[in-house]
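Colleague: I have a model open and would like to go through its packing and its empty spaces. Can we take it step by step?

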Amino acid sequence: MQTSTRDRIVVTASRLLQRQGYVGTGIKQIAQEAQATLGSIYHFFPGGKEAVAVSAIKYSTEEFATLLRKALDSDDDPAEAVMACARQLADELSESGWIDGCPVTAAALETLGTDSEIQQACADALRSWEQLVCDKLLRCGLPSQSARELSITIISALEGAEVAAQVNRSKEPLQVAGRQLARLVRSHEVQSPPASGTR
C-alpha cells in the first residue's frame with residue numbers, strides 16, 4: 001500500500017533525525033532503512049530531503065505530545081504530573097541506550113538562523129508542548145500568566161535536562177529537573193494574588 005510506504009519513510013526519517021540530526025541524515029539512508037526506493041520518496045515528497053524532514057518532525061512532535069499528555073494526565077496534582085513527565089523521559093532515554101532524545105533538538109540547532117520549514121516545524125513543536133503543559137496548569141487553577149510562563153520554563157528545563165542526561169548517560173539530570181520544577185509549580189499553587197496597588 002502506498003500509505004504504508006509513506007508512513008515507513010516518515011517514521012524512519014524521524015528516528016534518523018532524532019539520532020543523527022538533519023545534516024547527518026541522507027536521503028539514500030532514509031530510503032534504504034525504510035525499504036523504499038528513492039523514486040517513491042520523491043513521489044511522496046517532491047521537495048526532497050527537507051520535505052521528508054518536515055513531515056518527520058511533525059510526526060515526532062505528535063509522538064512526543066502523546067507521551068507528554070499521558071504523563072500530565074497521570075496525576076491530578078500538577079507538580080506530581082510534571083515529575084512524572086521527567087521520569088518518563090528519563091526511562092525512555094535510558095531504555096534507548098541514551099540515543100533517542102528530544103525529536104527536534106538536533107534539527108532545530110542545525111537550522112538556527114534560517115527561515116526554513118524545518119526551523120518552523122521545530123518552533124511549532126515546542127509551542128505545542130508548552131501549550132499542553134499550560135492547559136494542564138490552567139485546569140489545576142493556576143492564573144493564566146503563571147501557567148503560560150511556567151509551561152515555557154518546564155519545557156525549556158526538560159529539553160536541557162534531556163540533553164544533559166544523554167551526555168552523562170544518566171537519569172539524574174532529568175530526575176533533578178523534575179523535582180525542582182515540581183517545587184516551582186507548588187510555589188505558584190500556594191501564592192495568593194497580590195493586593196490591588198501593590199507590586
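Modeller: Start with one definition. A charge sits over a ring if NZ of Lys or CZ of Arg is within 6 Å of the ring centre and within 35 degrees of the ring normal. Keep in mind that this is a predicted model.

Colleague: Which residue lies over the face of tyrosine 22?

Modeller: The distance from the ring centre is 4.3 Å. The cut-off is 6 Å. The residue over the face of tyrosine 22 is lysine 49.

Colleague: How many aromatic pairs does a search of the whole structure find, and which residues form an aromatic pair?

Modeller: The search of the whole structure finds one aromatic pair. Its rings lie 4.3 Å apart, centre to centre. The partners are phenylalanine 64 and tryptophan 129.

Colleague: Is that pair stacked, edge-to-face or tilted?

Modeller: A pair of aromatic rings is described by the distance of the centres and the angle of the planes. Planes under 30 degrees apart count as stacked, and over 60 as edge-to-face. Here the angle between the planes is 50°. The pair of phenylalanine 64 and tryptophan 129 is therefore tilted.

Colleague: Which helices does the pair link?

Modeller: The two residues are 65 residues apart, so the pair links distant parts of the chain. Phenylalanine 64 sits in residues 49–72, and tryptophan 129 in residues 117–139. Those helices are α4 and α7.

Colleague: Are phenylalanine 64 and tryptophan 129 buried or exposed?

Modeller: Buried means under 20% relative accessible area. Phenylalanine 64 has 10%. Tryptophan 129 has 0%. Therefore both phenylalanine 64 and tryptophan 129 count as buried.

Colleague: Which residues touch the most other members of the largest nonpolar core?

Modeller: In soluble globular proteins, nonpolar side chains tend to be buried together. The largest nonpolar core here has 61 residues. The residues that touch the most other members are Leu68 and Trp129.

Colleague: Which element gives the most to this core?

Modeller: Elements that each supply at least two residues include α1, α5, α7 and α8. The top contribution is 11 residues. The element that gives the most to this core is α4.

Colleague: Serine 14 and isoleucine 57 are 43 residues apart along the chain; what separates their C-alpha atoms?

Modeller: Serine 14 lies in helix α1. Serine 14 is buried, because its relative accessible area is 1%. The C-alpha atoms of serine 14 and isoleucine 57 are separated by 6.2 Å.

Colleague: Which residues lie nearest the centre of the largest pocket?

Modeller: The largest pocket has a volume of about 290 Å³. Its lining has 14 residues. By class they are five nonpolar, four polar and five charged. Nearest the centre lie Gln18, Glu63, Leu67, Glu92 and Asp100.

Colleague: Which element gives the most to the lining of the largest pocket?

Modeller: The elements that give two or more residues are α1, α4 and α5. The leading one gives four residues. That element is α4.

Colleague: How many charged residues are in the lining of the second largest pocket?

Modeller: This pocket has a volume of about 160 Å³. Its lining includes Val104, Leu112, Cys122 and Glu159. α7 gives the most, with four residues. By class the lining has seven nonpolar, two polar and, for charged residues, one.

Colleague: Which element gives the most to the lining of the largest cavity?

Modeller: The search of the whole structure finds one cavity of 30 Å³ or more. Phe64, Leu68 and Ile155 are among the residues that line the cavity. The lining divides into five nonpolar, no polar and two charged residues. The element that gives the most, with four residues, is α8.

Colleague: Where is glutamine 35 found, and what is its phi?

Modeller: Most residues other than glycine have a negative phi, and most peptide bonds are trans. Glutamine 35 has a positive value. It is found in the loop between α2 and α3. Its phi is near 55°.

Colleague: Is arginine 169 buried or exposed?

Modeller: Arginine 169 also has a positive phi, near 50°. It lies in the loop between α8 and α9. The cut-off for exposed is over 50%. Because its relative accessible area is 53%, arginine 169 is exposed.

Terms used:
Residues numbered from 1 in each chain as written. Predicted model: local features only at pLDDT ≥ 70, side-chain atom pairs only at ≥ 80, totals over all residues. Heavy atoms only, no water. Phe/Tyr/Trp six-rings, centres within 6.5 Å; stacked < 30°, edge-to-face > 60°. Buried < 20%, exposed > 50% of the residue type's maximum accessible area, 1.4 Å probe, protein only. 1 Å grid on protein atoms, 1.4 Å probe; cavity = no way out; pocket = protein on both sides within 12 Å on 5 of 7 lines; lining within 4 Å. Points joined across faces, edges and corners; volume = space filled by probe spheres on them. Nonpolar A, V, L, I, M, F, W, Y, C, P; charged D, E, K, R; others polar. Core = buried A, V, L, I, M, F, W, Y, C linked by side-chain atoms within 4.5 Å.
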